[in-house]
Amino acid sequence: MSHFKSHLGVIADFSARRVSIFDTDTLTLLQHIPLEADVIDVALTSDCRRAVVTSFTSKTIFQVDLSESPAKVVGSATTATFLEDVQITPDDMFALSVDGSAANQNIVSYSLKKNAFVSTLETSAQAVAISPTCDRLVLTAVSSANSVRRFMINCCGDLKDTGQQFPAGTNPININFSPNGNFAFVVDFAGAVSVLSTVIPDQISLISTIPASIQPQSMVISRDGRHLFVLGSSNVDIFTFDPVSGSLALARSFAHGLQITSFFGVDQIALDPSETRLFISATGQVAVFTTFGTLLGTVADVSGPGGLAICPYKCLN
């Protein structure tokens, strides 16, 4: 079994063209995996044994086995789409990725078991989110249309475009579901966060839009769904959320002092398993703060920027 005995963090180390694995307790590097590709985002399976990593210009998904000692790449597949944001279905069977560029805009489905792309649909999509409730609902943020579009994915990984599109602020750059799947949060690069009701998948509605700090670009949500941490170019905004009424309110903000690179749909902020520390992927570093904004340090020998994912518990012991 793996020698990784502590909480794991994995980052798509964009500038260094590698995947980096680190210990979130000690902030020490565990392993670099050079990929010689502009890796941009990462997602973990629910048991934290596999990671999928996207590369933009090489149009490749890499699959990494984290249960091996050392961790290693166990598969890769290439498509015609520039790959950016990536998410994994709740059953850990498929990864969905979208293209944030101006050309070849698609949403693609990749089978972890087959190590192959199984479905591609042409669409304009800058970020993707998959419902955690196994109802096979998929939403994409469409920045150019100020909207969110609804897709479905079946048990074979085949994607279906429902044709439904819903308003969602101005220039939406990222989207994530609440843990119970009843809501979706949309980060608006123009400076706002929107809340969508997703209780009825074919009747999605905009509940509210509230202001946020300058150029918000990614977010992380607490396990109970009551706190939303939004990373902007200068600040981290902490919102409180009522999962009954669907109301969102700004509780506080802190200045992070980091240089943030904005990618479509790529989450560069993550909570540790105790939900007392925030990890932020920035240009040249991964910084660690308390949730009240006190800088605790940086992760050794991990440079960023790029997508960041943290295992929620010690599942590799």
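Let's start with D272, a residue that is buried, at just 5% relative accessible area. Keep in mind that you're looking at a predicted model. D272 has a partner: its salt bridge with R277 brings the closest N and O atoms to 3.2 Å apart. R277 counts as buried too, because its relative accessibility is 14% and the cut-off for buried is under 20%.

Now follow R277 to another partner, D25. The closest N and O atoms in this salt bridge are 4.0 Å apart. D25 sits in the loop between β2 and β3, while R277 belongs to strand β25 (residues 277-282), so their pairing ties together parts that are 252 residues apart in sequence. Unlike the buried R277, D25 is partly exposed, with a relative accessible area of 39%. Put the shared partners together and you get one network of D25, D272 and R277.

Seven salt bridges are counted here, and another one to look at joins E36 and R17, at 4.0 Å from N to O. E36 is in the loop between β3 (28-34) and β4, and R17 is in the loop between β1 and β2, 19 residues away. E36 is exposed at 59% relative accessible area, whereas R17 is partly exposed at 34%.

What about the nonpolar side chains? The largest nonpolar core has 20 residues, and those touching the most other members are V10, I21, I33, L44, V53, V64 and L66. Strands β1 (8-13), β2 (18-23), β4 (39-44), β5 (50-55) and β6 (60-65) each give this core at least two residues. Take a look at L44: leaving aside residues up to four places away in sequence, its contacts include V10, L66 and I88, as well as A309, I310 and C311.

Notes: Residues numbered from 1 in each chain as written. Predicted model: local features only at pLDDT ≥ 70, side-chain atom pairs only at ≥ 80, totals over all residues. Heavy atoms only, no water. Core = buried A, V, L, I, M, F, W, Y, C linked by side-chain atoms within 4.5 Å. Buried < 20%, exposed > 50% of the residue type's maximum accessible area, 1.4 Å probe, protein only. Helix = DSSP H or I, 4+ residues; strand = E, 2+ residues; numbered from the N terminus. Contact = heavy atoms within 4.5 Å. Salt bridge = Lys/Arg side-chain N within 4 Å of Asp/Glu carboxyl O.
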